[in-house]
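Work through the exercises below with the sequence and the model side by side. Try each task before reading its solution.

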Amino acid sequence: MKDIIAELERMKKDISERFDSLKTDIEQDLGGIDEQIESLEKLQTSPKKQSD
């Protein structure tokens with residue numbers, strides 16, 4: 001029984017570490033997306049250049 005509990009604890013720790021890693025990756029991706037959105041918004045609000 002102790003072996004099962006120990007294995008479950010290891011699994012819990014592994015899942016927690018993976019979740020934290022995924023959370024960090026997602027937060028970084030969202031930060032990058034926010035930067036891209038800001039860049040696009042600046043392009044939209046900047047005066048349009050006309051080509052002759």
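Four exercises follow, each with a worked solution.

This is a predicted model: local features need pLDDT of at least 70, side-chain atom pairs count only at pLDDT 80 or more, and totals for chains, interfaces and linings use all residues. Residues are numbered from 1 along each chain as its sequence is written, and side-chain values use heavy atoms, without hydrogens and water.

**Exercise 1. Overall form**

Task: Find how many helices and strands the protein has, and decide whether it is spread out or a compact globule.

Solution:
- Start with secondary structure, read as DSSP runs (helices H or I, at least four residues; strands E, at least two; numbered from the N terminus). The protein has one helix and zero strands.
- Next, take the radius of gyration over C-alpha atoms; the globule rule is 2.2 Å times the number of residues to the power 0.38. The rule gives 10 Å for 52 residues, but the protein has 23 Å, well over that, so it is more spread out than a compact globule.
- Check the box. Along the principal axes, the C-alpha atoms fill roughly 80 × 15 × 10 Å.

**Exercise 2. Burial**

Task: State what percentage of the 52 residues counts as buried.

Solution:
- Set the classes: buried is under 20% relative accessible area, exposed is over 50%, and partly exposed is in between (1.4 Å probe, protein chains only).
- Apply them. Of the 52 residues, 0% count as buried.

**Exercise 3. Salt bridges**

Task: Locate the salt bridges and classify the exposure of Glu7, Asp14 and Arg18.

Solution:
- Use the cut-off: a side-chain nitrogen of Lys or Arg within 4 Å of a carboxyl oxygen of Asp or Glu. The structure holds two such bridges.
- Glu7 pairs with Arg10 at 2.8 Å, N to O. Both lie in helix H1, three residues apart, about one turn of the helix. Glu7 is partly exposed because its relative accessibility is 36%.
- Asp14 pairs with Arg18, with 3.2 Å between the closest N and O atoms. These two also lie in helix H1, four residues apart, about one turn of the helix.
- Asp14, at 33% relative accessibility, is partly exposed. Arg18 is exposed, at 55%.

**Exercise 4. Distance along the chain**

Task: Compare sequence separation and spatial distance for Ser21 and Gly32.

Solution:
- Place Ser21. This residue is in helix H1 and is partly exposed, with a relative accessible area of 39%.
- Count to Gly32. The two residues are 11 apart in sequence and 17 Å apart in space, C-alpha to C-alpha.
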